[in-house]
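Reader: Hi! Could you walk me through the sheet in this one and what sits around it?
Author: Happy to, let's pull it up.

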Amino acid sequence: MSEDAFLDKLFPRTFMVVNVQVGDEDAYALRDENGFLYKKDEVMEIFENAKKFYEVDGVDEFIKNENKKQSLNLHLNRSNIAGTDEQGRTILSLPEADMRQFNRNKNHWSFKCALCSEKVSSRERDHYYVQNTDIGFFLSLPKTSHMVCSKECGKVVAKEDIREWMHEEGYQDHLIIE
Ligand SMILES: [Zn+2]
């Protein structure tokens with residue numbers, strides 16, 4: 001079962017399922033995108049071919065996998081996509097850490113970099129960085145932000161977070177980090 005064959009069957013036409021009444025029974029009919037009902041011989045061919053697909057061993061796994069890919073297509077920020085590699089995986093470019101100014105009018109404060117543990121203090125410098133993992137919507141990736149000493153540390157922290165999520169959710173076949 002190849003993905004192309006699957007997509008060829010699916011792409012050319014749109015099917016809308018509509019409720020119909022057959023005698024006392026509820027049933028379904030199929031309409032096209034313009035609202036015309038499909039003829040019997042058209043839908044029978046579709047049903048038979050759909051059955052071939054849905055009855056293949058491992059079809060649930062295949063669908064799950066395809067839908068993961070689709071979820072990335074749909075939900076990743078365009079700005080975080082750096083292209084695709086030769087295996088068709090999406091190359092993810094990490095979000096850059098935001099630079100923040102220490103507020104001179106407030107009391108001094110400090111924190112430890114989330115990666116290297118270096119102390120970042122408003123007594124010694126005028127800025128720090130906040131790194132988030134915002135690479136898209138609806139991706140089940142927890143929105144985290146870490147205070148870090150530098151863009152470089154931020155990049156490593158974001159990479160760790162995103163990598164963990166990729167492995168938990170099974171995205172590693174579809175996504176690689178730049
Ligand atoms: Zn650091």
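**The sheet and its surroundings**

Author: This is a predicted model. Its open sheet has 3 strands in the order S5-S8-S9, and the pairing is antiparallel.

Reader: Which strands stand at the edges?
Author: Strand S5 (98–101) and strand S9 (145–148) do. Each has a single partner strand, so one side of each is left without a neighbour in the sheet.

Reader: And how much twist is there from one strand to the next?
Author: The twist averages 30° from one strand to the next.

Reader: Nice. How many bridges pair S5 and S8?
Author: S5 and S8 (residues 127–132) pair over 4 bridges, in the antiparallel sense. One residue pair to look at is Gln101, whose bridge partner in S8 is His127.

Reader: Which helix packs on the sheet?
Author: Helix H4, residues 151–169, packs there and touches S8 and S9. The direction of H4 makes about 20° with that of S8.

Reader: Back to the strands for a sec. How many bridges are there between S8 and S9?
Author: S8 and S9 pair over 4 bridges, again in the antiparallel sense. Val130 has Met147 as its bridge partner in S9.

Reader: Which residues of S9 are on the covered face, and which on the uncovered one?
Author: His146 and Val148 make up the covered face of S9. Ser145 and Met147 are on the uncovered face.

Reader: What does Val148 touch?
Author: Leaving out residues up to four places away in sequence, Val148 touches Ala97, Cys113, Ala114, Leu115, Tyr129, Gln131, Cys153, Gly154 and Val157.

Reader: Changing topic: which residues of the largest nonpolar core touch the most other members?
Author: That core has 18 residues, and Ile135, Val148, Cys149 and Val157 touch the most other members. S8 and H4 each supply at least two residues of the core. H4 gives the most, with 4 residues.

Reader: Is there a general reason to expect a core like that?
Author: In soluble globular proteins, nonpolar side chains tend to be buried together.

Reader: Last one, Glu169. Where does Glu169 lie?
Author: Glu169 lies in helix H4.

Reader: Why does Glu169 count as partly exposed?
Author: Glu169 has 14 other C-beta atoms within 10 Å. A residue is buried at 20 or more and exposed at 12 or fewer, so a count in between is called partly exposed.

Reader: And how are the C-alpha atoms of Glu169 and Cys113 separated?
Author: They are separated by 28 Å, and the two residues are 56 residues apart along the chain.

Technical notes: Residues are numbered from 1 along each chain as its sequence is written. This is a predicted model: local features need pLDDT of at least 70, side-chain atom pairs count only at pLDDT 80 or more; totals for chains, interfaces and linings use all residues. Two strands pair if DSSP finds at least two bridges between them. Axes are lines fitted to C-alpha atoms, for helices over the stretch in contact, and angles run from 0 to 180 degrees between N-to-C directions. Two residues are in contact if their C-beta atoms, placed from the backbone, lie within 7 Å. A nonpolar core is a set of buried Ala, Val, Leu, Ile, Met, Phe, Trp, Tyr and Cys residues joined through C-beta atoms within 7 Å.
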